[in-house]
Amino acid sequence: MSGVRVVTISATYGTAGNVIGPAVAEMLGVPFVDRAIPGTVAEELGCTLEEALVHDDRAEHGIGRLLSGAMRLPTVTFGGVDTYLPGAMPTPPEEFVAHTEKVIRTTAQARGGVILGRAGAIVLADHPGALHVRLDAPLERRIRQTAAFFDLGEREARKIVEDNDRARAAYVRHFYRADPGRPTLYHLVVDSTSIPVPACVELIASAAEAIG
């Protein structure tokens, strides 16, 4: 397959998004845009990679964990409006999100690519020829798949899946006021716990070629 293509993939935990994404990119001959995003954001903002990762929705300890947990972003209320505390968080989270969007749009325009997470379907909703994909499956199947992949007990696997789902959903809801599970955000919704991964890759790559 050839030509510049843009695919966004939103994946609930346990649906092999980190396997399917790179495989689709390879099949289409475009970059897999994932780990490079926080690095580029850090360069643009002049901060450390560690600080950028704290604000990334794919990071293990990213901002989604903060948003979905009991902790709050460090703010003070003045005149009924929440304001970020400059000393507590030098750069507001919105600044990191804005630069993340810029990296996604610039990459999609210049080289194409497969973008995993980071509300890509919303950020590139108006990008001509972009294919938006959701990988999802019933919770119990995703838990079993996670337990098998990492050789974990069901209780531990359930916590990992549910914590990651909450964090990723919190990121999209907080910054975009949207439900990442809404089917109308996507052209294609695939259950990758029932359909074998190679077939999912082929399906998504074929759809990307067709929509472009």
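Begin by selecting Thr8 together with Ile115, since in this predicted model Ile115 of S5 is the bridge partner of Thr8. Widen the selection to residues 6–11, which make up strand S1, and to residues 113–116, which make up strand S5; these two strands pair in the parallel sense, over four bridges.

From that pair, extend the view to the whole sheet, which is open, is built from five strands with parallel pairing, and reads S2-S5-S1-S6-S7 in order. At its edges, select residues 32–33 for strand S2 and residues 188–190 for strand S7, each of which pairs on one side only.

Next, add residues 17–28, which form helix H1, and keep strand S6 (131–135) displayed: H1 lies across S1, S2, S5 and S6, and its direction is at about 170 degrees to that of S5.

Now turn to the nonpolar cores, and select Leu124 and Tyr176, the residues with the most contacts inside the largest of them, which has 22 residues. Colour helix H2 (36–45), helix H5 (93–110) and helix H8 (154–176), as these are the elements that give two or more residues to this core, and H5, with five residues, gives the most.

Which residues does Tyr176 touch, once those up to four places away in sequence are set aside? Displaying its surroundings should bring up Val97, Glu101, Ala119, Ile122, Val123 and Tyr171.

As a last stop, select Ala25, Val133, Ala205 and Ala208, which are among the 21 residues of another core, lying apart from the one that holds Tyr176.

Note on methods:
Residues numbered from 1 in each chain as written. Predicted model: local features only at pLDDT ≥ 70, side-chain atom pairs only at ≥ 80, totals over all residues. Heavy atoms only, no water. Pairing = 2+ DSSP bridges. Contact = heavy atoms within 4.5 Å. Axes fitted to C-alpha atoms, helices over the stretch in contact; angles between N-to-C directions. Core = buried A, V, L, I, M, F, W, Y, C linked by side-chain atoms within 4.5 Å. Buried < 20%, exposed > 50% of the residue type's maximum accessible area, 1.4 Å probe, protein only.
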